[in-house]
Amino acid sequence: MSQMIKVGMADLNICKSPNAITTLGLGSCIGIALYDPVTKIGGLAHIMLPDSTQIRNNANIAKFADTGITELVSRMVRAGASRTRLVAKIAGGAKMFEVTGTAIGSIGEKNAAASKKKLRELGIRLLAEDTGLNYGRTVELHCDTGEYYIKSVGKPLKII
């Protein structure tokens, strides 16, 4: 029987096949799934903000794209994943509130852009994404297959 590991907001964790890992309620946040297809080790980070250097209270490294992705890679490599085989899929980054003239409206876009930039810097290939638009998502990374399930209210299940 496989287990579903939960990742909270501004949190990250890793898992191995046959288990799966999930995070709920991604709005403007990004769910970054990393996966090693050989060892079947996966990792998931629930990123809230793009850049830790812009925030004074930045002790929670999982909260930010720049530090969260780096930490996720480290944990996966310590668990036996190969850094050179890691691939990524991302979801979230929605524009949840229509706010004119403020930075809040575009935080989802910024999160997606910062996540992609960090993956490029680390040389991790982004295989697929489901980002933007105006609805929340719940995601699950299935470590046996590497499939990334995206569930949204009133929408069909999407697997990337």
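These legends accompany close-up views of a predicted model.

**View 1. The largest nonpolar core and its best-connected members.** Welcome to the inside of the model. The core shown here has 22 residues, and those touching the most other members are Ile-32, Leu-34, Met-76, Leu-119 and Ile-124. Several elements each supply two or more residues: the strands β4 (30–36), β5 (41–47) and β6 (87–92), together with the helices α1 (65–78) and α2 (107–122). Helix α1 is the top contributor, with five residues. As background, nonpolar side chains in soluble globular proteins tend to be buried together.

**View 2. The surroundings of Ile-124.** Here we zoom in on one residue of the core. Setting aside residues up to four places away in sequence, Ile-124 touches Leu-34, Val-73, Leu-86, Val-87, Ala-88 and Leu-119. Two of these partners, Leu-34 and Leu-119, are also on the list of core residues that touch the most other members, as is Ile-124 itself.

**View 3. A second nonpolar core, separate from the largest one.** This core has 17 residues. Among them are Cys-29, Tyr-35, Val-139 and Leu-141.

**View 4. An open sheet of five strands.** Follow the strands across the sheet and you meet them in the order β1-β3-β8-β9-β10, with mixed pairing. At the edges are β1 (4–7) and β10 (158–159), each of which pairs on one side only. Within the sheet, β3 (residues 20–26) and β8 (residues 137–142) run antiparallel and are joined by five bridges. For a handy landmark, look for Ala-20, whose bridge partner in β8 is His-142.

**View 5. Glu-71, an acidic side chain in helix α1.** Is Glu-71 buried or exposed? Its relative accessible area is 17%, so Glu-71 counts as buried, the cut-off being under 20%. The side chain of Glu-71 makes a polar contact of 2.9 Å with that of Arg-75. Once neighbours within four places in sequence are left aside, Glu-71 is in contact with Leu-12, Ile-61 and Arg-78.

**View 6. The salt bridge between Lys-116 and Glu-129.** The structure holds eight salt bridges, and this is one of them. The closest N and O atoms of Lys-116 and Glu-129 are 3.0 Å apart. Which parts of the chain does the pair link? Lys-116 sits in helix α2 and Glu-129 in strand β7 (residues 125–131), so the pair, 13 residues apart, links distant parts of the chain. Both partners are partly exposed: Lys-116 has 25% relative accessibility, and Glu-129 has 34%.

**View 7. A salt-bridge network in which Lys-117, Lys-118 and Glu-121 are linked.** Within this group, the side chains of Lys-118 and Glu-121 meet at 3.4 Å, N to O. Lys-118 and Glu-121 are separated by about one helical turn, because they are three residues apart in helix α2. Lys-118 is buried, with a relative accessible area of 16%. More generally, side chains of opposite charge can pair when their charged atoms come close.

**View 8. A salt bridge between two buried residues, Arg-137 and Asp-130.** The side chains of Arg-137 and Asp-130 meet at 2.9 Å, N to O. How accessible is each partner? Arg-137 has a relative accessible area of 1%, while Asp-130 has 6% relative accessibility. Both values are under 20%, so both residues count as buried.

Note on methods:
Residues are numbered from 1 along each chain as its sequence is written. This is a predicted model: local features need pLDDT of at least 70, side-chain atom pairs count only at pLDDT 80 or more; totals for chains, interfaces and linings use all residues. Side-chain values use heavy atoms; hydrogens and water are left out. A nonpolar core is a set of buried Ala, Val, Leu, Ile, Met, Phe, Trp, Tyr and Cys residues joined through side-chain atoms within 4.5 Å. Buried means under 20% relative accessible area, exposed over 50%, partly exposed in between (1.4 Å probe, protein chains only). Helices (H or I, at least four residues) and strands (E, at least two) are DSSP runs, numbered from the N terminus. Contact means heavy atoms within 4.5 Å. Two strands pair if DSSP finds at least two bridges between them. A polar contact is a pair of N or O atoms within 3.5 Å; within protein, one must be able to donate a hydrogen and the other to accept it, and residues adjacent in sequence count only if both atoms are side-chain atoms. A salt bridge is a side-chain nitrogen of Lys or Arg within 4 Å of a carboxyl oxygen of Asp or Glu.
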